Amino acid sequence: MDTINWSELSFGYMKTDYNVRSYYRDGKWSDPEIESSEMISLHMAATCLHYGQEAFEGLKAFRGKDGKVRIFRMRDNALRLQSSSRGIMMAEVPVELFEEMVLTAVKKNMRFVPPYESGASLYIRPLLIGTSAQVGVKPSKEYMFLIFVTPVGPYFKEGFQPTPMVIMREYDRAAPLGTGTYKVGGNYAASLVSGEKAHEMGYSAVIYLDAKEKKYIDECGPANFFGVKNNTYITPESTSILPSITNKSLMQLAEDMGMKVERRRVPEEELATFEEAGACGTAAVISPILRIDDISENKSYYYCKDGKAGPISEKLYHKLRAIQYGDEPDVHGWVTVVE
Ligand code: PLP
Ligand code: COI
């Protein structure tokens, strides 16, 4: 523990002191329990193992210059987990219980919240799983809700350096009327083959097109997509992408900066017209895109010609981080200070 090199952290798992758990039985959630074991005990026929009744969340806590720890938009994550629960027929975790357990998980692991200067943060991973035994395809009657935390650095190894991404037309992540808008494990399973192929080819992520027409930009494996042109922030509207809380925040910040914001379908050809492009999410923050290759069509779209992030991406990145770390006032009420 004494030897954590905070500024060298990547996005990975590190054991911390405690996790927090609540159990849904007989229609009620139990009082949260604090656990030091990293293990869970599960029935071999649990629905999470067989029928994918699993949803998760990702949010972060940041230590400010003032030493205070701030959690970013946790209510939004609580609401999104409820939406995921409705999407795959799981019991919903009440917002108050979600928030209480996030706060407990952070407070019990305070020594793992990275120092301000490191630029790292504490990643908070809530997980909801169906635990009752079923062999027929039916929703579980019982659920476990668990939150663990782990200190993290940048998701893409480049951090805020521009990184290349790829369109692979032979793979889809989510169907138009499927589960793409929910944060469920199956979507990530569906992205593994293309994601690993992309990594082997030197790309940091896949940019998926809409699965039906293969005409419109959907999102990246682990993040939403945005483009910038003519002082306008443009991001895809789609029924198969996750509603990103980071993206929603960036749309607000872009508007605050006097930019126009458009949430609409983004045809692939439009990639050629963007001055800047990026991936955004809790883990990715903003990852500026260097280049997008559509490999089967033999097309490439170039950004960051001087190898640096564009000025709008840079401004949005710094603004978002300043609010998260408490360097700038939280005018939108996005931050919860851990007391
Ligand atoms: N899209 C996908 C598929 C993701 O996994 C994530 C990460 O949570 C995002 C987008 C970004 O969402 P958020 O900004 O809420 O973290
Ligand atoms: C996040 O940004 O929180 C994510 O969940 C992305 C990825 C690690 C799945």
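Select Val228 and Glu276: Glu276 in strand β15 is the bridge partner of Val228. Strands here are DSSP runs of E with at least two residues, helices are runs of H or I with at least four, and both are numbered from the N terminus. The model is predicted; local features need pLDDT of at least 70, side-chain atom pairs count only at pLDDT 80 or more, and totals for chains, interfaces and linings use all residues. Residues are numbered from 1 along each chain as its sequence is written, chains are lettered from A and ligands numbered from 1 in the order in which they are written, and side-chain values use heavy atoms, with hydrogens and water left out.

**Stop 1: strand β15 and its partners**

Extend the selection to residues 224-229, strand β12, and residues 276-281, strand β15. β12 and β15 run antiparallel and are joined by five bridges. Two strands count as paired if DSSP finds at least two bridges between them.

Now keep β15 alone and look at its surroundings. Six of the six residues of β15 are buried, so the strand is largely enclosed by the rest of the structure. Buried means under 20% relative accessible area, exposed means over 50%, and partly exposed is in between, with a 1.4 Å probe and protein chains only. In a regular strand the side chains alternate between the two faces of the sheet. Colour the two sides of β15 separately: Glu276, Gly278 and Cys280 are on one side, Ala277, Ala279 and Gly281 are on the other, and both faces are covered.

Add residues 285-294, strand β16. Four bridges join β15 to β16, again antiparallel. One pair to pick out is Gly278 with its bridge partner Pro288 in β16. The connection from β15 to β16 is a hairpin through three residues.

**Stop 2: the hairpin from β16 to β17**

Next add residues 299-302, strand β17. β16 and β17 pair in the antiparallel sense over four bridges. Asp293 has Ser300 in β17 as its bridge partner. The two strands form a hairpin with four residues between them.

Which residue in this turn has a positive phi? Select Asn298, where phi is about 60 degrees although the residue is not a glycine. Most residues other than glycine have a negative phi, and most peptide bonds are trans. Asn298 is exposed, with a relative accessible area of 73%.

**Stop 3: Asp26**

Move to Asp26, in the loop between β1 and β2 (28-29). Asp26 is not a glycine either, and its phi is positive, about 50 degrees. Is Asp26 buried or exposed? At 73% relative accessibility, Asp26 counts as exposed.

**Stop 4: strand β8**

From Asp26, step back to strand β1, residues 19-25, and add β8. These two strands pair in the antiparallel sense over five bridges. Show Tyr24 as sticks together with Tyr143, its bridge partner in β8.

Then add strand β7, residues 121-130, which pairs with β8 in the antiparallel sense over 10 bridges. Within this pairing, Leu122 has Pro151 in β8 as its bridge partner. Strand β8 (residues 143-152) is mostly covered, with nine of its 10 residues buried.

**Stop 5: Thr235**

Select Thr235 in strand β13 (residues 232-236). Thr235 counts as buried, at 1% relative accessibility. Leaving out residues up to four places away in sequence, Thr235 touches Phe225, Phe226, Asn247, Met251, Glu262, Arg263, Arg264 and Val266. Contact means heavy atoms within 4.5 Å. For a distance check, draw a line to Glu170: the C-alpha atoms of Thr235 and Glu170 are 23 Å apart, with the two positions 65 residues apart in sequence numbering.

**Stop 6: Gln324**

Go to helix α7 (residues 311-324) and select Gln324. Gln324 is buried, with a relative accessible area of 7%. Apart from neighbours within four places in sequence, Gln324 is in contact with Phe62, Arg70 and Phe72.

**Last stop: the whole chain**

Zoom out. The secondary structure comes to seven helices and 18 strands. The radius of gyration is 20 Å, close to the 20 Å that the globule rule gives for 339 residues, so the protein is as compact as a globular protein of that length. This radius is taken over C-alpha atoms, and the rule is 2.2 Å times the number of residues to the power 0.38. Along the principal axes, the C-alpha atoms fill a box of roughly 55 × 50 × 35 Å. Of the 339 residues, 54% count as buried.
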